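Me: Got a minute to go through a model with me? I'd like to start with the inside and work outwards.

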Amino acid sequence: MAVVESPSLALLAGLGRREEHEAQELFDHVVDELGLGFETPAHPTAAKWALASWLAAQIVDGFSDPATGADLIWIEVAMELDYPDRQQPIVELAIQLDDWNADWSTPLEQLKEEVLVAARALVEHGGPETNL
């Protein structure tokens, strides 16, 4: 239904009850094939930065709606890291998108395009602002 293709996805969907023991391994293959997973660094701050970079890449690659991705970076990462400077553009846009209504002079699509630009910058220059 979502027009998502992965060689292992069909196998996972077709598993019968007697094959449940294969589900976790097939699920892991699907996640890898679709590029949905990433290795989480052990250090908590590095892990949050990795999440921010991954979420930004999902926006850039078109897998995440810019408003949704910006909101996740704001809530799940920036708040936890006390709003790092490199994440501020996305946070500010997430706040604007959260408050946006049709009466605004700035179109919704323009804000989403600005999130895309900010996400590209985060992917290119992302990472902790200090060495961990």
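Here is a chat about the core, a loop, one helix and the salt bridges.

Me: Before we start, what kind of model is it, and how is it numbered?
Reply: It's a predicted model, where local features need pLDDT of at least 70, side-chain atom pairs count only at pLDDT 80 or more, and totals for chains, interfaces and linings use all residues. Residues are numbered from 1 along each chain as its sequence is written, and side-chain values use heavy atoms, with hydrogens and water left out.

Me: OK, how many residues are in the largest nonpolar core?
Reply: The largest nonpolar core has 22 residues. A core here is a set of buried Ala, Val, Leu, Ile, Met, Phe, Trp, Tyr and Cys residues joined through side-chain atoms within 4.5 Å. Buried is under 20% relative accessible area, exposed is over 50%, and partly exposed is in between (1.4 Å probe, protein chains only).

Me: Which residues have the most contacts inside that core?
Reply: I59, I73, I90, V115 and L122.

Me: And which elements give two or more residues to it?
Reply: Helix 3 (44-60), helix 4 (66-78), helix 5 (88-99) and helix 6 (108-125). Helix 6 gives the most, with six residues. Helices are DSSP runs of H or I with at least four residues, strands are E runs of at least two, and both are numbered from the N terminus.

Me: Take I90, what does it touch?
Reply: A70, I73, A118, A119 and L122, leaving out residues up to four places away in sequence. Contact means heavy atoms within 4.5 Å.

Me: Now the loop between helix 4 and helix 5. Is Q87 buried or exposed there?
Reply: Q87 sits in that loop and counts as buried, because its relative accessibility is 0%. Leaving out residues up to four places away in sequence, Q87 touches W49, A52, V77, A78, L81 and L122.

Me: Which phi values should I look at in that loop?
Reply: D82 and Y83, neither of them a glycine: D82 has a positive phi of about 60°, and Y83 has one of about 55°. Most residues other than glycine have a negative phi. D82 is in the loop between helix 4 and helix 5, and so is Y83. D82 is exposed, at 64% relative accessible area, while Y83 is partly exposed, at 32%.

Me: What else is Y83 part of on the surface?
Reply: A nonpolar patch of about 240 Å², made by I75, M79 and Y83. Patches take residues with over 30% relative accessible area and no salt bridge, joining like charges within 9 Å and nonpolar side chains (Val, Leu, Ile, Met, Phe, Trp, Tyr) within 5 Å. The areas come from the Shrake-Rupley method with a 1.4 Å probe, and for residues only the protein chains shown count as cover. M79 is also in the loop between helix 4 and helix 5, and M79 is partly exposed, with a relative accessible area of 42%.

Me: Switching to helix 2, which residues are buried there?
Reply: L26, V30 and V31, in a helix that covers residues 23-33. They're on the same side of helix 2 because they cover an arc of only 145° around the axis (taken from the directions from the helix axis to the C-beta atoms).

Me: What covers them, and what's on the face turned away?
Reply: The cover includes helix 1 (7-13). The face turned away carries the exposed residues Q24, E25 and D32. Just after helix 2, G35 takes a positive phi of about 70°.

Me: Last topic: how many salt bridges are there?
Reply: Two, where a salt bridge is a side-chain nitrogen of Lys or Arg within 4 Å of a carboxyl oxygen of Asp or Glu. One pairs E20 with R17, with the closest N and O atoms 2.8 Å apart. E20 is partly exposed at 46% relative accessible area, and R17 is exposed at 70%.

Me: Which residues form the K112 bridge, and what does it tie together?
Reply: K112 pairs with D65, at 3.0 Å from N to O. K112 lies in helix 6 and D65 in the loop between helix 3 and helix 4, so the pair ties together parts that are 47 residues apart in sequence. K112 is buried, at 16% relative accessible area, whereas D65 is partly exposed, at 33%.
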